[in-house]
Structure formats: structure tokens, C-alpha cells
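Trainee: I am new to this structure and should like to go through it with you. May we begin once it is displayed?

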Amino acid sequence: MQCRFCKNKLEHVFVDLINTPASNSFLTKEQLNEPEHFYPLKLFVCENCKLVQIDEYKKSDDIFNQDYAYFSSYSTSWLKHAENYVEMIVKKLSLNETSYVTEIASNDGYLLQYFQEKQIPCIGIEPTSSTASVAKQKGIEVIEDFFNTNLAKNLKKSDLIIGNNVLAHVPDINDFVKGLKIALKNNGIITMEFPHLLNLIEENQFDTIYHEHFSYLSLYTLIQIFEKQELKIFDVEKLATHGGSLRIYATHIENNDLETSKNIENILNEEKEFGLFDMNIYTIFQEKANKVKYDLLEFLLQAKKENKKVVAYGAAAKGNTLLNYAGIKNDLIEFVVDKSPYKQGKFMPASHIPIVEEKKIQELKPDYILILPWNIKDEVIEQLSYIKEWNGKFVVAVPELKVIS
């Protein structure tokens, strides 16, 4: 296998989570009796550019199909994040009705709806018809396709190109970034948000690894990727989303109107001090992932022995990675609650845990609720605070096992 960015031979394993189904391949009741497809979930790190990456075992067009089940608008905190971003960027770039905005991986219109409210022309690029159709119902123009250089050549050039949590999903990251340059106006701006590799390692976030995520990024590596396509990253911000993310601001390398922020140097120094420029930090991550796995299994087995009822909240992709690596099935967790009606009535891949609506919590009155999307745990704890009526407790497994009364 070669590095998907610099083509260096990959010889160093970052973490091996064995074999799992695709994280969003939820099952119908009828499919429970059919074979499931499992794929290796093994990450490598490039010794040359430090890009952490998975091989494309499962093709992206198989993952992001018409039945893709992730809809961004079912997280109230994520909607608020999107609304705040639009308010900020409109003022920062003085965007108006003569501007043009493109969002790549626009999902169900969770973000573009706020540009639309301000009457700023915008378009979404979204390959999954299930989410694109919801955006279209909101009156948002959507091109149902993957973004690449071929598509970029046919797009109207943009003042602003947005990509939230899409860089990791791209198998050919060089072609993708080249497309950004093609689709951007001479003085245009790109913003991209992505989970920060530093946080993934520091906080044991191995459950954010799944087949949809082909790359795991540091600022150090991303600067190299953008510079290769004659784009420069001139500013960066830290975000709390997804367990710790970065938002980069980029433009054409020829654009000399924008000064490079001190934030770039500051975060590069943080990455260097943490060890991301060296190989040693990448060799110990397997042990950290294994500890999360063993601690969670020990907790669930003990709860079973004590006849405690355990359910989970959030049929998230990260939850499937955690459950499947730990080998957890529906004998240890009775069901998973999820807000999305697109997931309710289905079953988690491999573990076969049923996905149900929230009223089931009131009916069962579980002793413990394992929050699988730990990145929105505060939102979930507030939403389900009524479990205190029967002394119910919350549990998170990442970065370490914690029971929350």
C-alpha cells in the first residue's frame, strides 16, 4: 500500500481494529438472517508525511449510497454550530446577494439553509440521494455527485467553499484539493473542518475510525497537501466539535492580500511538542484502544452479573466501531435509542442491537445508558435527565470509562 498523498510505501501500523461492517450499514429485520460483509479496519501512518490512513477496502460509492443514514440535522448542537458559523463567515467575508457559496458534502441542508435565509446564493454537492432529497425539500439547490476535479471544472466559481468533516471521507485527497483550487474565485476563501489527529490520539478516540474515514489529519500534514495544489492555509481555529476539531482557512497561493495568522505557528508547535512529527507517538495507540475495549467489556459483564439493565443512546458510526471492536452483542445491551426515524426499526451492524425511539427508555427504566456519541454527551444528558427519577446513570467509554450519576 502507498500513501494516498505522497505515494511513500506504508510500513507502519497505527492501529488494527480487526474486521467490521461499514459503520452506517444498518440492517432491516429481514437482513438479520443474511450474511454481512466485513472489511479490515486497519490504519497505517506514513513515515514521510505523517498522514494516518486506511486502505480503500470498501469503495466510497458503496458507502455513500442512496440509503445513507446519517442526517446532520438530528443534532441540535450541530445545527447551532452551523448557524453560528454562517453568522461569523458572512460578516468576516462581507458576503451578500452577489456572492456565491458552495458546500461540499452538504448532507440534508443543515448549513446551507442559513445562507438561504440571508438570500446569499448557494449550492450543495452531496452524493447521497437520501440526504440530498431532504435538502431539496428546503429549496436548496443540490448536485448529487462526488466532488472531484472533473465536477469542479463545471461549477460556477465560488467566493466561499465549505467542507465540514468531508476531508477524511475522500479516497483521492490530492484530486479533491486540486478540485478546490479549480472551483475557487481568485480572491475566494476555503474553510474546512476536520477532527484533529492530536485529539484522536490524546483522548483515545479510536471509535472515530471507520471505513468512511480514509484519512486522519494534522495541520502539519494538511499544509503539505494544500501546498502541493498551490493553495495556502493562512489561518486555523480550534473547535470543540467531534471531540476536538480544526477549522482551516485557505486561499490561492497567489493571493497576497491575506496575512498568515500566528495561529498556524502556534498549532504546529503544539503538534510538534505532542510528538506528531515523530513516529513514536503513533506506535502506542493500539494499547490505548485496547484499554477502552477491556474496561467497557468488564463493566458490561459485571452489570449483567448483577442483573442490571443497560441500553445505549445514539446509533452513531463511532458507536458501531466501539461495539464491534469490543465484540459486544445484544445480550449485553438491550437496545439503542436514536432520534432519527431513518434508523429506528433497524439494527446495528454485526452487534444486531435493535434501534428504537426514546419512549422505550421510559418503558424499560434502565439502570445505565451508554452514550455512544460521547461528543454530544452534554446534550444527551440534558435530554434524558429524567432517568434520575429511577436512579438511572449515564456511562461513557471514551476517553476512559466513566459512570455519570
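Mentor: Helices (H or I, at least four residues) and strands (E, at least two) are DSSP runs, numbered from the N terminus, and two strands pair if DSSP finds at least two bridges between them. This is a predicted model, in which local features need pLDDT of at least 70 and side-chain atom pairs count only at pLDDT 80 or more, while totals for chains, interfaces and linings use all residues. Residues are numbered from 1 along each chain as its sequence is written, and side-chain values use heavy atoms, with hydrogens and water left out.

Trainee: Which residue in β11 is the bridge partner of L239?

Mentor: Strand β10 (231-239) is an edge strand of the open sheet, pairing on one side only. With β11 (residues 245-252), β10 pairs in the antiparallel sense over 8 bridges. In β11, the partner of L239 is S245.

Trainee: Why is the pair of F147 and F176 edge-to-face?

Mentor: Rings of Phe, Tyr and Trp (its six-membered ring) pair if their centres lie within 6.5 Å; planes under 30 degrees apart count as stacked, over 60 as edge-to-face and the rest as tilted. The centres of F147 and F176 are 5.3 Å apart and the planes stand at 75°, so the pair is edge-to-face.

Trainee: Is F176 buried or exposed?

Mentor: Buried means under 20% relative accessible area, exposed over 50%, partly exposed in between (1.4 Å probe, protein chains only). F176 has 2% relative accessibility and therefore counts as buried.
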